[in-house]
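Biologist: I'd like a close look at one part of this model, the sheet and whatever packs on it. Could you walk me through that part and then place it among its surroundings?

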Amino acid sequence: MSGIWVVLEERDGRVGRASWEALAAGQNLASLTGKALNAAVIGAAAEATAKEAAAKAVCKVARIDHPLLSRYTPDGYTIALHQFFEQEKPEYVVYPHTYQVRDFAPALAARMNEVLISDVVGIADGPTFTRQLLQGRLAGSYRHPGSGPCFLSVQAGAFRADEVGAGTAEVTTFTPAIEAAQIRTRPGEPFRGAAQTVDLGSAQKIVSVGRGIKDADNLPLVQELAEVLGAEIAASRPICDNGWLPMERQVGSSGQTVSPKLYLAVGISGAIQHLVGMKGSQCIVAINKDPEAPIFEVADYGIVGDLFEVVPALTEAVKAAK
Amino acid sequence: MIPVHATLAEPQYFSVLEKLLFLILVVASGALFWRRFGPILHRILASRKDPDFHLDHLGRRLWDFFAEVICQAKVIRQRPLPGLAHACVFWGFCAFALVTLNHAAVGFGVGFLDPAGFFGRFYFYLAAAFAIACAAGIFGLFARRFFVRPRWLGAKVSYESGIIAGLIFLLMITYLAAFFTTDGTTAARVLWWVHTLALLVFVPIIPHTKHLHLVLSPATVFLSRGEFSKIPPLVGDEDFGLVTGKDLTQLVSLQAYSCVECGRCSEHCPATNTGKELNPREIVLGVRAYLNGPGPASEEPLLGKYNSQTAVFQCTTCGACEFQCPVGIEHLPIMVGLRRGAVNTGTWEDDYGAKLFNQLERGSNALGISALERDKFIQKQGLPVFDGTQEYCLWLGCMGAYDPKGREIVTAFARVMDYLGTSYGVLKKEKCTGDPVRRLGNDLVFQTLAEENLKNLAQNKVKKIVSICPHCVRTIQEDWKAYGTPPEIEHHTEFMARHADRLPKQASNEKVAYHDPCYLGRYRDVYDEPRALVQISGRLVEAPRHKERSFCCGAGGGLAFLGEETGERVSHMRAAELVATGAQTVGTACPFCNSMFRDALGEMNGTAPQLLDVAQLIARGLPEPIAAVATTAPGGSTRE
Amino acid sequence: MRIVVAIKQVPERDAQVRIDASAKWIEESDMQYAMNESDAYALEEALQLKEKNGGEVIVLSVGPERVGTTIREALAKGADRAIHVDCNDLANRDALAVARLLADAIKAENADLVLTGLQSDDLGYGQTGVILAELLGVPHASLILTVEKTDGGLKVKRELEAGWFQEIELPMPAVLAIQSGGNKLRYATLMGIKKAKTKEMRVAAASDLGAAPAPLAVLEGIALPQKQRTTQILPGDAKQAAAALVEKLKFEARVL
């Protein structure tokens with residue numbers, strides 16, 4: 001039994017932030033259970049990511065390496081990690097809850113006759129794992145009573161990456177046995193959505209501008225904020241009617257319906273025609289100088305102020321936090 | 001000079017040959033008439049029977065017949081000058097009945113009206129007076145159609161109308177000319193034959209042209225469905241609305257054949273007026289063309305070659321067309337029927353429509369907003385919850401519960417009710433009444449909503465409802481009847497008007513242009529109550545098109561939930577008309593009208609007038625409430 | 001193409017959430033249910049594939065008697081037949097146990113393709129599709145937006161984080177977990193509902209396939225979350241408010 005293994009995911013040649021958060025969760029779990037904390041890296045750039053992991057407060061770092069793992073496939077990762085965990089027999093396996101993990105971790109758990117406790121937002125004594133149910137309207141606490149490995153994945157932002165301690169650890173290499181024929185899917189190169197069509201419907205972050213912007217000349221202010229956020233620009237109807245932004249960027253009852261993780265409404269009052277287009281957003285932020293503006297009714301966070309001051313300040317703050 | 005004892009000159013003698021010729025011509029004329037009319041009658045009768053038509057309310061039918069057909073009330077009131085001209089032609093025809101009969105009898109040598117006798121002379125002079133009026137009338141109408149060319153009659157000039165006009169004119173002139181000839185002369189004989197030929201040519205032309213209305217429209221008016229916008233129920237498992245010819249009913253066919261192509265429906269249609277494809281007259285004529293083509297037994301889709309699906313879905317169901325029609329065509333059941341045919345079978349593919357239907361299937365309101373938002377609003381405003389003990393249930397509706405401006409209207413009205421000491425409560429849960437899906441023709445979703453709502457109301461023991469939205473009022477009172485017995489419901493202006501004497505009069509000279517909502521005005525006949533309330537709070541000014549002539553705001557028929565309009569926006573057109581009255585405030589009585597005008601007024605350059613619901617107009621004259629925070633005793637009893 | 005679509009009936013999004021007497025789940029007595037959202041997209045994808053390539057669409061659902069309504073809705077939208085695995089103790093079954101029930105029902109069908117929604121609106125594990133692929137021994141892909149049949153099998157478009165996408169090719173038979181939003185959903189029509197009455201719905205009892213095994217992950221307790229969604233107005237001048245906002249977005253809302 002080798003304690004807790006945190007599986008770190010590679011992003012652009014480095015360990016991704018969500019993985020550091022998973023390691024922080026692992027740290028939390030280690031202090032609750034008294035088990036050893038270890039990290040495993042898998043996939044491309046394994047040498048570099050292993051080095052990063054080795055500089056953290058973990059006992060061991062395993063570098064799971066194989067040519068067939070350089071490109072992510074569910075088959076490759078499942079086979080490799082299965083062999084690794086058969087060898088290590090962990091008590092806990094912690095993943096970041098990324099799209100990639102969702103694609104293979106449940107299959108791996110099933111292969112080992114276990115079930116993944118996914119999208120955990122908190123770990124408490126027991127250990128018990130807290131998850132959100134019913135779209136966040138309910139919180140549930142889970143226990144893993146069995147003797148096999150307990151697999152869990154942690155929600156992005158539930159733990160803080162900067163709480164991971166520093167240290168030195170030994171790196172060992174694990175080479176799984178994988179045949180090319182076992183990889184049944186052929187992934188293509190990642191690509192961005194087509195440049196011409198504006199697909200607000202699938203945008204994760206949107207900065208939306210309304211009549212408060214007063215003039216088309218003021219748009220660059222908001223566009224800069226969108227850029228630093230990595231967000232798409234959208235607008236309420238009057239802006240598009242005036243031709244300041246193309247019609248495809250209109251959000252509302254006669255435009256697009258969007259449901260991004262973050263919707264920033266700048267200078268938008270919140271008329272019903274606009275609200276119905278964006279009310280499904282996970283997190284709504286409103287910036288408006290009118291404290292009575294209906295948009296504040298639906299916003300999670302609001303700043304009552306002059307957008308010409310708030311927006312540049314926000315742009316700076318976002319840049320600083322990167 | 002009219003001779004002192006001048007009477008209608010008649011040929012004194014017809015040869016056997018002439019009588020034979022006359023007989024042959026009469027038979028031929030009749031046969032040609034029937035050749036065309038017979039199949040039309042057959043097509044009407046071969047159409048499916050109307051499931052909900054009963055020949056009841058005979059008194060009202062007779063009255064409508066008398067007023068609309070005999071007195072030509074609608075014809076004259078809605079287009080006075082041409083209407084009067086037409087009335088003269090029509091009355092002329094009626095007066096001529098005896099004359100024409102006598103004329104034919106004379107041809108067979110058995111004339112019964114003696115020109116020398118008292119009755120005969122009296123009658124002939126009476127008929128002459130009508131003939132003058134008729135000739136003048138038909139001449140005026142001819143001049144209007146061919147020289148003035150009003151655009152509602154269509155771009156193409158109707159030559160058949162010219163021919164008919166010419167024949168009618170000829171009939172009148174030959175009749176009048178007979179007063180200036182003497183019995184037995186060649187002139188008299190010639191006149192007789194010209195008159196006769198004109199008549200015998202006229203008769204077969206009738207069923208080939210829109211003049212078929214001469215025969216059909218009295219029946220059409222008498223056989224109306226009985227109520228404004230009466231949407232028939234679906235019958236059986238195979239009925240999805242008006243999909244193919246097989247679904248056309250007798251009333252629809254009768255009405256389609258009665259169309260006189262006058263264009264009064266188009267003249268008042270918001271879609272036609274803003275350059276959309278939809279033209280109500282063309283819809284009716286499209287049905288007629290279908291009947292003449294594939295026919296009532298055909299399985300060819302009604303929407304396709306003969307009528308456009310796009311056009312049908314541009315209708316706001318404002319009802320101006322049905323309201324105007326002088327021959328009794330009921331456009332709304334046809335429109336909704338065609339929409340049902342497309343939606344219930346899934347042939348209508350529209351992203352916004354699908355989204356609306358899916359939202360109402362999964363959620364409680366047409367806007368797709370979480371019901372928690374409604375709860376939050378109720379809590380924040382401290383609205384009492386209905387628990388069966390209060391007198392009224394205040395129905396919020398989708399706009400009242402979720403739209404920021406709709407909520408303001410609800411809050412204002414709640415203040416008025418508090419001031420009046422009315423006991424009321426708001427339901428814990430409401431689902432959309434289903435108005436938009438009802439007008440769009442989705443019977444599946446509508447049935448579910450109606451049944452669930454009725455169950456909810458019954459469980460909560462609701463007896464009386466008051467609502468700020470005319471669409472909710474109409475749907476609950478009328479459309480839900482197919483699925484149960486809805487409680488009594490009235491509009492908030494009707495409620496407030498009853499208590500008008502207790503509402504403080506505001507000393508204000510502010511001009512308020514009141515806009516009659518379609519669903520309150522034409523649909524419910526409520527015009528005076530809101531006006532009485534407006535007079536309490538300011539000075540009423542009327543837009544040029546007001547009361548039953550009110551021009552739609554563009555939101556009805558489910559269109560508020562569909563995508564962008566093409567062409568000019570209906571709401572903008574109406575808003576401009578309201579602003580042009582010079583009023584400082586536009587008064588509305590419907591949250592949808594309010595929402596549409598808010599958009600339109602917001603885009604106007606310069607200072608736009610204020611926009612307030614009647615409830616807000618009244619509420620602003622109320623004294624501030626004594627308690628700053630309203631307290632509700634457990635059980636939601638009357639608040640002070 | 002023979003496509004099986006696994007759908008789940010979940011509490012309506014608008015439903016009020018109250019904890020029941022046992023404190024183990026929510027009060028279900030006056031609950032209203034609807035089809036899980038991503039499952040609706042899976043169904044839509046299946047129907048579109050059938051329209052393009054021919055074949056049949058079989059809809060499958062595990063749950064108590066009430067899931068019949070949702071199954072009929074799927075039939076009304078165009079599925080050809082249905083399988084209802086009657087199960088009254090879903091609460092005692094974890095994702096692996098539910099996937100086993102589904103796998104047993106699917107094995108007999110010789111499907112070319114199995115579609116599931118990405119995750120359920122109630123429990124939200126987001127695993128059923130992937131586990132199902134493992135149990136059936138077929139390849140899979142998740143977060144799929146669109147599916148295309150090719151000569152060699154399937155070509156699918158997968159959603160990646162941060163606005164990136166990826167195309168994946170895989171052979172059939174396969175399992176795909178469908179993400180919401182890839183297609184426009186069709187609406188159920190009156191005609192569809194009437195036709196659905198004549199479509200086959202086979203009922204299999206879950207108990208026939210053995211008793212529910214003890215859950216591997218046990219839901220011990222539920223609670224209403226402390227923070228309700230209220231608007232937080234961030235005070236201070238532009239700079240202060242902006243900084244506070246970024247902090248909140250990063251660590252509270254976790255969207256940055």
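Modeller: Here is a walk through the sheet of chain B, followed by a word on the other chains. Keep in mind that this is a predicted model.

The sheet in chain B is an open one, built from four strands with parallel pairing, and the order across it reads S2-S1-S3-S4. In general, the strands of a sheet are held as pairs by backbone hydrogen bonds, in either a parallel or an antiparallel way. At the edges of this one you'll find strand S2 (424-425) and strand S4 (488-491) of chain B. Each has a single partner strand, so one side of each has no neighbour in the sheet.

Now zoom in on the S4 edge. Strand S3 (residues 464-467) of chain B runs parallel to S4(B), and four bridges join them. If you want a spot to click on, take B:Ser467, whose bridge partner in S4(B) is B:His491. Packed on the sheet is helix H22 (residues 470-477) of chain B, which touches strand S1 (392-395), S3 and S4 of that chain. The direction of H22 makes about 160 degrees with that of S4(B).

As for the surroundings, chain B also meets chain A: eleven residues of chain B are in contact with nine of chain A. On the chain A side, that contact is made up of five nonpolar, three polar and one charged residues.

Chain C has six helices and 13 strands, and its C-alpha atoms fill a box of roughly 65 × 45 × 40 Å along the principal axes. Of its 256 residues, 49% count as buried.

Definitions and conventions:
Residues numbered from 1 in each chain as written. Chains lettered and ligands numbered in written order. Predicted model: local features only at pLDDT ≥ 70, side-chain atom pairs only at ≥ 80, totals over all residues. Contact = placed C-beta atoms within 7 Å. Nonpolar A, V, L, I, M, F, W, Y, C, P; charged D, E, K, R; others polar. Pairing = 2+ DSSP bridges. Helix = DSSP H or I, 4+ residues; strand = E, 2+ residues; numbered from the N terminus. Axes fitted to C-alpha atoms, helices over the stretch in contact; angles between N-to-C directions. Buried ≥ 20, exposed ≤ 12 C-beta atoms within 10 Å, placed from the backbone.
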